[in-house]
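Student: Hi! I have a protein model open and would like to talk it through. Can we start with the charged side chains?

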Amino acid sequence: MVFPVAKSRLVQKYVRPFTVATAFIALGGGITACQSLFSARTVNPNPVMLTGAGATFPAPLYQRWIAEFRGTPAFENVTIAYDSVGSGKGIKRYLAQDVDFGATDAPLKPDERKAFPPERGDIIQVPMTGGLVVFSYNLGDLPGAENLKLSRAVYCGIVTGEITNWNDLKLAADNPGIVLPDLPILFVHRSDSSGTTFIFTSHIEAACPNWKVGSGKNVEWPTGLGADGNKGVSAEIKQSNGAIGYIEYSYAKANQLAMATLENKSGQFVIPSAENGSAVFDGVQIPDDFSLNIPDPEASNAYPIVGLTWLLIYGKYDDPAKAKTLTEFVRWSLTKGKDYAVEIGYLPLSKDLKDRVISSLESRQK
């Protein structure tokens with residue numbers, strides 16, 4: 001399957017503030033446990049059950065989309081269950097045909113593509129949204145600590161284990177006027193196979209000269225404490241004074257965790273925001289298979305750690321109703337669900353890319 005290459009912007013800019021308070025009303029509030037199932041209904045004359053598994057990075061948005069989808073009168077008789085277990089497990093379940101779709105924040109690697117079951121037709125890998133990976137931290141009620149700046153030298157030093165205390169002179173130089181405590185730094189990272197880790201370590205590999213362990217969904221961390229899923233890392237940061245770690249933006253917002261302002265490649269300090277996240281994709285060329293990774297963006301106003309998240313769909317289904325239902329859900333999510341992405345803190349796809357995604361799904365049904 002060949003798609004036209006787009007040269008226009010990948011995501012739209014939204015400059016209004018993110019709000020999360022309403023994002024979970026339909027589900028009783030908060031982000032559910034990583035193993036939870038999210039259910040919804042969609043249009044079809046006969047009952048259809050869709051199951052999916054994968055990335056925790058987009059789970060709050062998928063949760064919201066499915067909750068809103070449930071309340072749409074036109075969509076009935078179909079249940080969608082999404083198991084938020086991490087990108088690595090999601091890919092394994094997809095390749096093993098244990099689910100109807102997978103979800104990942106890291107594009108499929110060549111060896112994963114080779115393992116794809118040929119009876120399933122083409123690999124359909126379509127982006128659903130973009131998002132920011134932030135450094136969240138916990139310094140209690142320390143005055144001024146809610147707006148810390150981290151230069152590249154500092155956050156590289158934290159993840160390599162070279163900077164180990166919050167009163168380090170380099171950290172203090174980034175934050176004049178804030179009396180940082182004599183407190184050990186606890187770096188919290190993912191312990192599971194994670195697309196968020198892929199996005200994060202792709203940036204660290206590009207930005208940090210002393211980083212020696214490469215990038216991927218799993219790496220051998222030189223320092224720190226592991227936790228399972230974005231939810232697990234968030235919880236560890238929230239309960240541990242002196243902790244700092246990487247999580248997807250919406251988890252930081254939902255847990256009311258502080259987020260650092262980071263120095264980007266051009267030497268500018270930028271806050272995590274939709275506008276600065278969108279700047280990463282200005283003028284980029286989208287590959288035919290939608291695989292796109294920009295580990296260290298050039299734009300002066302670009303937030304430095306941003307990535308896409310994809311659904312993995314089969315080219316062939318034994319039940320045509322499943323293919324139709326997936327296409328309808330993707331269409332609804334990328335069009336009517338766009339505002340929910342903005343509200344929670346994700347980056348909606350541009351109209352051009354949205355149209356390409358929908359077209360690629362429709363063409364395989366013909």
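Tutor: Happy to! A salt bridge here is a side-chain nitrogen of Lys or Arg within 4 Å of a carboxyl oxygen of Asp or Glu. Keep in mind that this is a predicted model. With that in hand, you can look at R64, E68 and E343, which salt bridges link into a network.

Student: Why do side chains like that pair up?

Tutor: Side chains of opposite charge can pair when their charged atoms come close.

Student: How far apart are the closest N and O atoms of E68 and R64?

Tutor: They are 2.9 Å apart in the salt bridge between E68 and R64. Both residues belong to helix α1, which covers residues 59–70. They are four residues apart, about one turn of the helix.

Student: Is R64 buried or exposed?

Tutor: R64 is buried, because its relative accessible area is 7% and buried means under 20%. E68 has 23% relative accessibility, so E68 counts as partly exposed.

Student: OK, how many salt bridges does the structure hold?

Tutor: It holds 13 salt bridges. One of them joins the side chains of D289 and R113, at 3.4 Å from N to O. That pair links distant parts of the chain, with the two positions 176 residues apart in sequence numbering. D289 is in the loop between α9 (274–278) and β13 (306–314), while R113 is in helix α3 (residues 110–114).

Student: And how accessible is D289?

Tutor: D289 has 30% relative accessibility and counts as partly exposed. R113 counts as partly exposed too, at 28%.

Student: Got another salt bridge for me?

Tutor: Sure, try E298 and K265, whose side chains meet at 2.9 Å, N to O. This pair also links distant parts of the chain, 33 residues apart. You will find E298 in the loop between α9 and β13, and K265 in the loop between β11 (261–263) and β12 (269–270).

Student: Is E298 buried or exposed?

Tutor: E298 is exposed, because its relative accessible area is 59% and the cut-off for exposed is over 50%. K265, at 41%, counts as partly exposed.

Student: Let's zoom out. How many helices and strands are in the chain?

Tutor: The protein chain has twelve helices and 13 strands. It has 366 residues, and 60% of them count as buried. Among contacts between residues at least 6 apart in sequence, 78% join residues at least 24 apart.

Student: What about the surface?

Tutor: The chain exposes about 14,400 Å², and carbon and sulfur atoms supply 51% of that.

Student: Now rings! How many aromatic pairs are there in the whole structure?

Tutor: A search finds 19 aromatic pairs. Y94 and Y314 make a stacked pair, with 4.6 Å centre to centre and 10° between the planes. They link distant parts of the chain: Y94 is in helix α2 (residues 87–95) and Y314 is in strand β13, 220 residues apart. Both Y94 and Y314 are buried.

Student: Which pair is tilted? I'd like to see one.

Tutor: Take F135 and Y155, a tilted pair at 5.4 Å centre to centre with 40° between the planes. F135 lies in strand β5 (residues 123–137) and Y155 in helix α4 (residues 152–160), 20 residues apart. F135 counts as buried at 0% relative accessibility, and Y155 is buried with a relative accessible area of 0% as well.

Student: Which residues do ring pairs link into a cluster with F135 and Y155?

Tutor: F187, F200, W211, W221 and Y246 are linked into that cluster with them.

Student: Which charged end sits over the ring of Y314?

Tutor: That of R120, which is 4.2 Å from the ring centre of Y314. Elsewhere, K149 lies over the face of F269, at 5.4 Å from the ring centre.

Student: Last topic: the core. Which residues touch the most other members?

Tutor: In the largest nonpolar core, which has 109 residues, those are F135, F200 and I313. Strand β5 gives the most to this core, with eight residues.

Student: What does I313 touch?

Tutor: Leaving out residues up to four places away in sequence, I313 touches several residues, including Y94, F101, I123, L326 and R364. Y94 is also the stacked partner of Y314 from earlier.

Key. Residues numbered from 1 in each chain as written. Predicted model: local features only at pLDDT ≥ 70, side-chain atom pairs only at ≥ 80, totals over all residues. Heavy atoms only, no water. Buried < 20%, exposed > 50% of the residue type's maximum accessible area, 1.4 Å probe, protein only. Contact = heavy atoms within 4.5 Å. Areas by Shrake-Rupley, 256 points an atom, 1.4 Å probe, with all protein chains shown as cover. Phe/Tyr/Trp six-rings, centres within 6.5 Å; stacked < 30°, edge-to-face > 60°. Lys NZ or Arg CZ within 6 Å of the ring centre and 35° of its normal. Core = buried A, V, L, I, M, F, W, Y, C linked by side-chain atoms within 4.5 Å.
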